[in-house]
Amino acid sequence: MTSESPTSDGGLVLRFWGVRGSTPVSGSSYAEFGGSTPCLEVRCGERMFLIDAGSGLYNCGQHHRDALPKQVDLLFSHLHLDHTSGLPFFKPAIFDAERTLNTYCGNLDGASAEEALGRLFAPPLFPVTLDVLPCTMRHHGFRAGEPLTFPDGTRVDTILLNHPQGSVGYRFEHGGKRLCVISDIEHTDPWPDPALLDFVRDADLMVYDGMFTDCEYPTCRGWGHSTWQKGVELAKAAGVKALAIIHLHPCHSDTLLHSVEADMQAEMPSAFIARERQSVLVGAPVEAPAGAPRPSEAIEPLALARIA
Ligand SMILES: [Zn+2]
Ligand SMILES: [Zn+2]
């Protein structure tokens, strides 16, 4: 943790570039919460980290363009398609010979993402292989649970999460504030898991995989995802101050998510469902989105098709 105050260097800031789980969606039903798959930008002062390379990474690249750092650090939660499919379209980084893209992967017993990404981004699945791109790519493997220490001394803590093939949760501390990103995860029984409880304790903001509601979960058990209710339970037990739900189900429209958010805020007023492009100063009150419609009638959860 550094000693700067949040006001001296911009603080600890999180921006959501993609919050949809499993597959991108589009259309007017998704205009507010967004349709891009997971990609988060974390700023510790000027220092940038990216978490996951879902389809939201495209908009992140287009937004920053030349302002991207020369060294881009991309931390993977895991390598499922919804967390990797944006990588070949991260043009400002990968088409620039002056840039280095460092990937970090912690759910493969210490192996890096290199082999898996190489298989994915090769003909006939994709016309361009990653090794012919102009940028320098360095792929780092670690074991979830080990802290990551970067050349500038920045430290990020990690934890293994319950998900098919595993997934990695991350904890950032900066300017006296703490941010935990816990996705993808399926909650366990009993809950909360003691190690996870310790990991997220006293976080100013926890980002959590709330793909389902409790009502939907029984038919989705074992798919690797959790519910907002389990997120609230974990947050309250661990003294977490604010909660952001991501990995939104592709069937969940803006209207449904407003209803879900209202239910959640009745239990934890500082909890919210993340919106694509939303930016949050960790530790500051999260402002309610302007003009958000409140549904006038209860909405039935949609029947869910199985999505890996
Ligand atoms: Zn996912
Ligand atoms: Zn996954």
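**Note on the predicted model: two sheets, their helices and unusual backbone sites**

1. In this predicted model, strands β1 and β14 are joined by 3 bridges and pair in the antiparallel sense. Within β14, Ser279 is the residue that stands opposite Arg15. Helix α2 packs on the sheet, where it touches β1, β2 and β3, and its direction makes about 120 degrees with that of β1.

2. The sheet that holds this pair is open and consists of 7 strands, in the order β6-β5-β4-β3-β2-β1-β14, with mixed pairing. Its edges are β6 (136–141) and β14 (279–281); each has a single partner strand, so one side of each is left without a neighbour in the sheet. Direction ignored, neighbouring strands of this sheet are turned by 20 degrees against each other on average.

3. Helix α2 spans residues 56–64, and its buried residues are Gly56, Leu57, Tyr58, Cys60 and Gly61. The cover over these buried residues includes the strands β1 (12–18), β2 (39–44) and β3 (47–51), together with helix α3 (91–94). An α-helix has 3.6 residues a turn, so residues three or four places apart point the same way. In α2, Leu57 and Gly61 are both among the buried residues.

4. Arg65 follows just after α2 and takes a positive phi of about 45 degrees. The residue belongs to the loop between α2 and β4 (71–75). Arg65 counts as exposed because it has 11 C-beta neighbours inside 10 Å, and the cut-off for an exposed residue is 12 or fewer.

5. Asp109 is a further residue other than glycine with a positive phi, here near 55 degrees. Its place is the loop between β5 (100–105) and α4 (114–120). With 9 C-beta neighbours inside 10 Å, Asp109 counts as exposed. Most residues other than glycine have a negative phi, and most peptide bonds are trans. A reviewer may therefore wish to inspect the backbone at such sites, as well as the peptide bonds of the next point.

6. Two cis peptide bonds deserve mention. One runs from Asp189 to Pro190, with omega near 5 degrees; the other joins Trp191 and Pro192, with omega about 0 degrees. Pro190 lies in the loop between β10 (177–182) and α5 (194–200), and Pro192 is likewise placed in the loop between β10 and α5.

7. Another open sheet of 7 strands has the order β7-β8-β9-β10-β11-β12-β13, again with mixed pairing. Its edge strands, β7 (148–149) and β13 (271–273), each pair on one side only. Strand β7 runs antiparallel to β8 (residues 155–161), to which 2 bridges join it. Leu148 has Val156 of β8 standing opposite. Helix α6 (residues 228–238) lies across β11 (205–209), β12 (243–246) and β13, and runs at about 155 degrees to β12.

8. The largest nonpolar core has 80 residues, and those with the most contacts inside it are Leu179, Ile182, Val200, Leu205, Met206 and Leu243. The largest share of this core comes from β1, with 5 residues. In soluble globular proteins, nonpolar side chains tend to be buried together. Which residues does Leu243 contact, leaving aside its neighbours within four places in sequence? They are Met206, Tyr208, Gly231, Val232, Ala235, Met268, Ser270 and Ala271.

How values were computed. Residues numbered from 1 in each chain as written. Chains lettered and ligands numbered in written order. Predicted model: local features only at pLDDT ≥ 70, side-chain atom pairs only at ≥ 80, totals over all residues. Buried ≥ 20, exposed ≤ 12 C-beta atoms within 10 Å, placed from the backbone. Helix = DSSP H or I, 4+ residues; strand = E, 2+ residues; numbered from the N terminus. Contact = placed C-beta atoms within 7 Å. Core = buried A, V, L, I, M, F, W, Y, C linked by C-beta atoms within 7 Å. Pairing = 2+ DSSP bridges. Axes fitted to C-alpha atoms, helices over the stretch in contact; angles between N-to-C directions.
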